[in-house]
Amino acid sequence: MLKRTTQTSEINFKEKFNLSGKVIVITGACGLIGRAFCEAVAQFGGHVVVVDIEAAKPTEFAKDLEKRYNIKCIGVETEVEKKASVLQLKEITLKEFGKIDGLVCAHQNKSHLKFEPFENVCEENWDKVIEVNLKGTFLLCQVIGSYMTQQGSGSIVTMPSTYSNVAPNQNLYKGTSLGCPAAYSASKGGIDALSRYLASYWADKGVRVNMITPHGVWNHHEKTFEENFANFSPMKRMSYNHEVAPALIYLLSDASSYVTGLNLKVDGGWTVW
Ligand SMILES: NC(=O)c1ccc[n+]([C@@H]2O[C@H](COP(=O)([O-])OP(=O)(O)OC[C@H]3O[C@@H](n4cnc5c(N)ncnc54)[C@H](O)[C@@H]3O)[C@@H](O)[C@H]2O)c1
C-alpha cells in the first residue's frame, strides 16, 4: 500500500527494492542476460520461475538458485510461441506459488539468421524469429498479464532492442562474421509497440509494463567486433550482463511504482549521438 505522505523520513527507501516473497517469471532465463536476471532477483529475495526451452535445462538452473539462495524456485520447460505451453506455465506457477508478481520476457531467437543476407532470407526463418520474439511476448503478456489484471497488480518487463529504434550501423560488422538480421529488428520493433500499447491499456488495472533495452552485451565476441563496437560507443566498450540486471530490480520492485511505459536503455549512450 502506498503511503500518502510528504514526510520522506517515514519512507524506507531500501525496502522499496526488496523483492522478498514476490514471484517472478523469467523467460529466456538460461540465456546470457536471463541468467543475470535470475541471479539478481534471487539476491533481492524473489522466488524465480526459470523459464526456457527443454535444451537449456531450466530445472537444473532453478535447483542451483534454490540451493544457493535458500528460496523456492522452479524450472518450467516452455516454448513461448505456443499458447498451450504458455497456459501450462501459468498453471504450474499458480499451483506452486498461488500468484505471479512479475513477468520478464527475456527470450529470443535469431541465431540461425545471423549469417543470412537479407536478400536470401527465407520465409520460414523470418517466421521463426517473429513467432518466438514477438508472438511469444504477446502470448506471455496475454496469458500472464491478463491474470495480473484480475489480481490487480503486476509488473511486466519486455525486451526490445536498440535496433527497434535505430538501424544497425553496418560498419560495426565489417571484418567480422556477425550481423543483425532484419527479422530481429522487425520483431523487436513490434515488442516496443506492443509494450507501449499495454502500458496504457493496463495502466489503471495495477499492471505496469516497461522495457529494458540492453546493448552490446559481451559474450566472448570476436576481437574485431569488440574493437569496432568500442569505436562507435560513447563509453568505448561493450557491456556485461550484470550491468543490465540492476535495471530489472528497479522495474520489478516498488521502487518504480509510478513508472510505466518506460524504455530503460542500458546502452552506454549508443543512441545519444
Ligand atoms: N545480448 C544483447 O546484447 C542484447 C541487446 C539487446 C536486446 N537483447 C535482448 O535481451 C534478451 C536476452 O538476450 P540474451 O543475449 O540473453 O539472449 P540469449 O540468446 O543468450 O538467450 C535467449 C534465451 O531464450 C531462449 N529461447 C529461445 N527460443 C525460445 C523459445 N521458443 N521459448 C522459450 N525460450 C526460448 C534460449 O534458450 C536462451 O536461453 C533477448 O530478448 C534479446 O533480444 C539482447
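**The largest pocket and its ligand**

Helix 1 makes the largest contribution to the lining of the largest pocket, with three residues. The structure described here is a predicted model. Rolling a probe the size of a water molecule over the atoms shows where empty space is left.

The largest pocket has a volume of about 1,300 Å³. Its lining consists of 45 residues. Those closest to the centre of the pocket are L32, I33, Q108, K110 and Y184. Several elements each give two or more residues to this lining. Near the start of the list stand helix 1 (32–43) and strand 2 (47–52). Helix 4 (123–151) and helix 5 (162–165) also belong to the group. Helix 6 (182–201) and helix 7 (223–232) complete it. By class, the lining of the largest pocket holds 22 nonpolar residues, 16 polar residues and seven charged residues.

The ligand takes up the space of the largest pocket. Around the ligand there are 22 residues. Of these, I33, D52, E81, Y184 and K188 come nearest to the ligand. I33 and Y184 are thus named both among the residues closest to the pocket centre and among those nearest the ligand. The shell around the ligand divides into twelve nonpolar, six polar and four charged residues. Helix 1 supplies at least two residues of this shell, and helix 6 likewise supplies at least two.

Contacts with backbone atoms were also found. A backbone N or O atom of L32 lies 2.9 Å from an oxygen atom of the ligand. L32 is also one of the residues closest to the centre of the largest pocket. A polar backbone atom of T78 is 3.4 Å from a nitrogen atom of the ligand. For G216, a polar backbone atom is 3.4 Å from an oxygen atom of the ligand. Taken alone, the ligand exposes 840 Å². The protein buries 85% of that area.

Conventions
Residues numbered from 1 in each chain as written. Predicted model: local features only at pLDDT ≥ 70, side-chain atom pairs only at ≥ 80, totals over all residues. Heavy atoms only, no water. 1 Å grid on protein atoms, 1.4 Å probe; cavity = no way out; pocket = protein on both sides within 12 Å on 5 of 7 lines; lining within 4 Å. Points joined across faces, edges and corners; volume = space filled by probe spheres on them. Helix = DSSP H or I, 4+ residues; strand = E, 2+ residues; numbered from the N terminus. Nonpolar A, V, L, I, M, F, W, Y, C, P; charged D, E, K, R; others polar. Near = heavy atom within 4 Å. Polar contact = N/O pair within 3.5 Å; in protein donor to acceptor, adjacent residues only side chain to side chain. Areas by Shrake-Rupley, 256 points an atom, 1.4 Å probe, with all protein chains shown as cover. Sits in = over half its atoms within 2 Å of the grid points.
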